[in-house]
Amino acid sequence: MESGVSNNNKNDQKGLPSWPPRTAESEIIMRKKSTAPPFLLKTYMVVEDPATDEVISWNDDGTAFVVWQTVEFAKDVLPKLFKHCNFSSFVRQLNTYGFRKVTTTRWEFCNDKFQKGEKEKLCEIRRRKTWTNKQQHEIDEDQRSSSSNSSSSQYNTLMDENKRLKKENGALSSELVSMKNKCRELFDLVAKHENISKKEEEDERPKLFGVRLEEGERERKRKRAEEITETATFLLSQSCK
């Protein structure tokens with residue numbers, strides 16, 4: 001036992017390789033462990049970029065990131081980073097690195113080693129080696145469920161808005177019918193008043209040998225009354241259109 005220890009010490013002093021010897025494969029493994037995967041680096045870079053905050057950004061406390069606009073993210077961002085535009089594929093990649101979906105109401109993902117201001121921890125995230133069919137099926141089901149819930153919520157919102165607009169339209173139609181009826185009543189009242197005024201004027205005009213005499217003053221008053229009546233009728237017709 002003592003000789004083994006002394007031999008190791010001698011080897012160290014002579015500059016001989018330590019045991020077990022390091023191979024090229026072990027060097028590559030060590031290098032990989034100290035470098036973050038390109039997928040994580042690219043994702044972290046786009047989350048940090050202020051220019052894409054409307055599409056993807058950190059949550060309020062920086063412990064997770066949110067894809068706010070999935071369509072724009074798939075169309076404009078993914079092709080630049082990963083040469084594809086498949087959002088579902090991006091989500092599957094996140095799952096293989098241990099990311100979790102925080103809530104079903106939005107696309108928010110978290111990982112204890114993927115947080116704002118802690119880029120150096122990315123190299124500690126390891127990709128899961130294998131996925132069983134059951135695990136992949138559960139992930140796909142969760143994605144489909146989230147998408148279905150989002151679509152259902154949007155549909156319900158549109159239906160409620162449609163009902164509200166129909167109700168308002170019905171109320172406006174009823175009010176319009178009521179206003180038209182009132183305008184018609186006003187027209188009838190003005191016409192009736194005009195006929196009565198004409199009849200009274202004719203009865204009051206003096207007669208000579210059974211023929212009514214024209215009086216200049218009465219004629220001017222009658223014409224003035226007709227002008228007023230015409231003006232009132234015109235204004236009422238304009239207000240009822």
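These legends describe close-up views of a predicted model of one protein.

**View 1. The whole chain, with seven helices and six strands**. Along the sequence the elements follow the pattern α-α-α-β-β-α-α-β-β-α-β-β-α. The protein has 241 residues, and 21% of them count as buried. Its accessible surface comes to about 18,200 Å². Carbon and sulfur atoms make up 53% of that surface. Among contacts with a separation of 6 or more, 52% join residues 24 or more positions apart.

**View 2. Confidence along the chain.** The average pLDDT of the protein is 75, and 62% of the residues score at least 70. Which elements mark the lowest and highest mean pLDDT? Helix α1 (residues 2–14) has the lowest mean, 47. Strand β2 (residues 64–67) has the highest, 96. Residues 1–8 have a pLDDT below 50, and this stretch has zero contacts in the model beyond near neighbours in sequence. Residues 26–30 also stay under 50. For residues 26–30, the model has one contact beyond four places in sequence. Where pLDDT is low, the predicted coordinates should not be read in detail.

**View 3. The open sheet of four strands**. The strand order is β1-β2-β4-β3, and the pairing is antiparallel. β1 (56–58) and β3 (100–101) stand at the edges. Each edge strand has a single partner, so one side of each is left without a neighbour in the sheet. Three bridges join β1 to β2. Four bridges join β2 to β4. Two bridges join β3 to β4 (residues 107–110).

**View 4. Helices α3 and α5 on the sheet.** Helix α3 (residues 38–48) packs on the sheet and touches β1 and β2. The direction of α3 makes about 85° with that of β1. Helix α5 (residues 87–96) also packs on the sheet, where it touches β2 and β4. The direction of α5 makes about 25° with that of β4.

**View 5. The buried side of α3**. Which residues of α3 are buried? They are F39, L40, T43, Y44, V46 and V47. These residues cover an arc of only 165° around the axis, which puts them on the same side of α3. They pack against β1, β2, α4 (70–82) and α5.

**View 6. The hairpin of β1 and β2**. Five residues lie between the two strands. In the turn, G62 has a positive phi of about 75°. W58 stands opposite F65 in β2. Both faces of β2 are covered. A64 and V66 are buried on one side, F65 and V67 on the other.

**View 7. Strand β4 and its two partners, β2 and β3**. β4 runs antiparallel to β2, and β3 and β4 also run antiparallel. The bridge partner of V67 is W107 in β4. From β3, K101 stands opposite F109, and R100 stands opposite C110. A hairpin of five residues joins β3 to β4. Are the faces of β4 covered or uncovered? Both are covered. W107 and F109 are buried on one side, E108 and C110 on the other.

**View 8. The surroundings of C110 in strand β4**. C110 has a relative accessibility of 13%. The cut-off for buried is under 20%, and C110 counts as buried. Leaving aside neighbours within four places in sequence, C110 is in contact with T63, A64, G98, F99, R100 and V102. What separates the C-alpha atoms of C110 and F65? They are 6.6 Å apart, although the two residues are 45 residues apart along the chain.

**View 9. K83 in the loop between α4 and α5**. The phi of K83 is near 60°. This is a positive value in a residue other than glycine. Is K83 buried or exposed? K83 is exposed, with a relative accessible area of 78%.

Terms used:
Residues numbered from 1 in each chain as written. Predicted model: local features only at pLDDT ≥ 70, side-chain atom pairs only at ≥ 80, totals over all residues. Heavy atoms only, no water. pLDDT = per-residue confidence, 0-100. Contact = heavy atoms within 4.5 Å. Pairing = 2+ DSSP bridges. Axes fitted to C-alpha atoms, helices over the stretch in contact; angles between N-to-C directions. Buried < 20%, exposed > 50% of the residue type's maximum accessible area, 1.4 Å probe, protein only. Areas by Shrake-Rupley, 256 points an atom, 1.4 Å probe, with all protein chains shown as cover. Arc of directions from axis to C-beta.
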